[in-house]
Amino acid sequence: MQNLLRSMAVVTLSLAMSACTSTPSSALPAKDDSLYQALGGQPGITRIVEGMLINIADNPRIVGHFAETDIDRLNEKLIEQFCVESGGPCEYTGDSMRDSHTGLNLTEADFNALVEALIDAMREQHVPVTAQNRLLARLAPMRSDIIYR
């Protein structure tokens, strides 16, 4: 019992000390999650990623690139990445785009086919074109880390 009380006191003291040193939430800049909301939040992003993966599976131009891929992990990491890129409350825990794609020697055509799969998935979820373009603009800088690696 004494150890439990001691542990509770340490936790309480730690929380009190961190409260004194942290920046008040009212002083932090507000995070813009408007794109995240336009994509439908977490459920919408999940449906978009799942639709994109189905579109990839149906596309003979690129499906072969995913033959050795752990699709469940890819699904999870894409959801995280789209959530982060759209301003959502997520953390991306996957590898960098450069590390993930090194050795795959993907071409511009491969990249474009994947983008088409994403656009089709967003369209199927009735994501407004302006939101589609905003997400694509946030993902576009990754292109150079993906192709010809």
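## Starting at the disulfide

With a relative accessibility of 23%, Cys 90 counts as partly exposed, where buried means under 20% relative accessible area, exposed over 50% and partly exposed in between (1.4 Å probe, protein chains only). Its partner is Cys 83, and the S to S distance of this disulfide is 1.9 Å. Cys 83 has 0% relative accessibility, so Cys 83 counts as buried. The torsion about the S-S bond is about 75°, which means that the disulfide is right-handed. With a disulfide taken as a pair of cysteine sulfur atoms within 2.5 Å, the count comes to 1.

A word on the ground rules: this is a predicted model, in which local features need pLDDT of at least 70, side-chain atom pairs count only at pLDDT 80 or more, and totals for chains, interfaces and linings use all residues. Residues are numbered from 1 along each chain as its sequence is written, and side-chain values use heavy atoms, with hydrogens and water left out.

## The overall fold

The protein chain has 8 helices and 0 strands; helices (H or I, at least four residues) and strands (E, at least two) are DSSP runs, numbered from the N terminus. Of its 149 residues, 31% count as buried. The chain exposes about 9400 Å², and carbon and sulfur atoms supply 58% of that area, by the Shrake-Rupley method with a 1.4 Å probe, where for residues only the protein chains shown count as cover.

Taking contact to mean heavy atoms within 4.5 Å, you will find that residues 24 or more positions apart account for 73% of the contacts with a separation of 6 or more.

## The nonpolar core

A nonpolar core here is a set of buried Ala, Val, Leu, Ile, Met, Phe, Trp, Tyr and Cys residues joined through side-chain atoms within 4.5 Å. The largest one has 31 residues, and Leu 39, Ile 45, Met 52 and Phe 82 have the most contacts inside it. Helices H2 (34-38), H3 (41-57), H4 (71-85), H6 (108-124) and H7 (129-139) each give two or more residues to this core.

What does Leu 39 touch, leaving aside its neighbours within four places in sequence? The list is Gly 44, Ile 45, Ile 48, Ser 86, Met 122, Val 127 and Leu 135.

## Helices H3 and H6

The expected span of a helix is 1.5 Å times one less than its number of residues. H3 has 17 residues and should therefore span 24 Å, which agrees with the 24 Å between its end C-alpha atoms. Among the buried residues of H3 are Ile 45, Ile 48, Val 49, Met 52 and Leu 53. Their helix has its buried residues covered by elements including H2, H4 and H6.

H6 also has 17 residues, and its end C-alpha atoms are 24 Å apart, in agreement with the expected 24 Å. Its buried residues are Asp 110, Phe 111, Ala 113, Ala 117, Leu 118, Ala 121 and Met 122, and their cover includes H3, H4, H7 and helix H8 (143-146). Just after H6, His 126 takes a positive phi of about 60°.

## Three residues to look at

Asn 75 is in helix H4 and, at 17% relative accessibility, counts as buried. Beyond residues up to four places away in sequence, Asn 75 touches Val 49, Glu 50 and Leu 53. Ile 71 also lies in helix H4, but Ile 71 is partly exposed at 38%. Not counting neighbours within four places, Ile 71 is in contact with Leu 53 and Phe 66.

His 101 is found in helix H5 (residues 97-101) and counts as buried at 15% relative accessibility. Its C-alpha atom is separated by 8.7 Å from that of Tyr 148, 47 residues apart along the chain.

## Salt bridges

The structure holds 6 salt bridges, each a side-chain nitrogen of Lys or Arg within 4 Å of a carboxyl oxygen of Asp or Glu. One joins Glu 116 and Arg 61 (2.6 Å, N to O). This pair links helix H6 to the loop between H3 and H4, 55 residues apart.

Another joins Arg 143 and Glu 108 at 3.2 Å, N to O, linking helix H8 to helix H6 across 35 residues. Lys 77 and Glu 76 meet at 2.9 Å, and Glu 76, Lys 77 and Glu 80 are linked in a network of salt bridges. Within that network, Lys 77 counts as buried at 11% relative accessibility, whereas Glu 76 is partly exposed at 41%.
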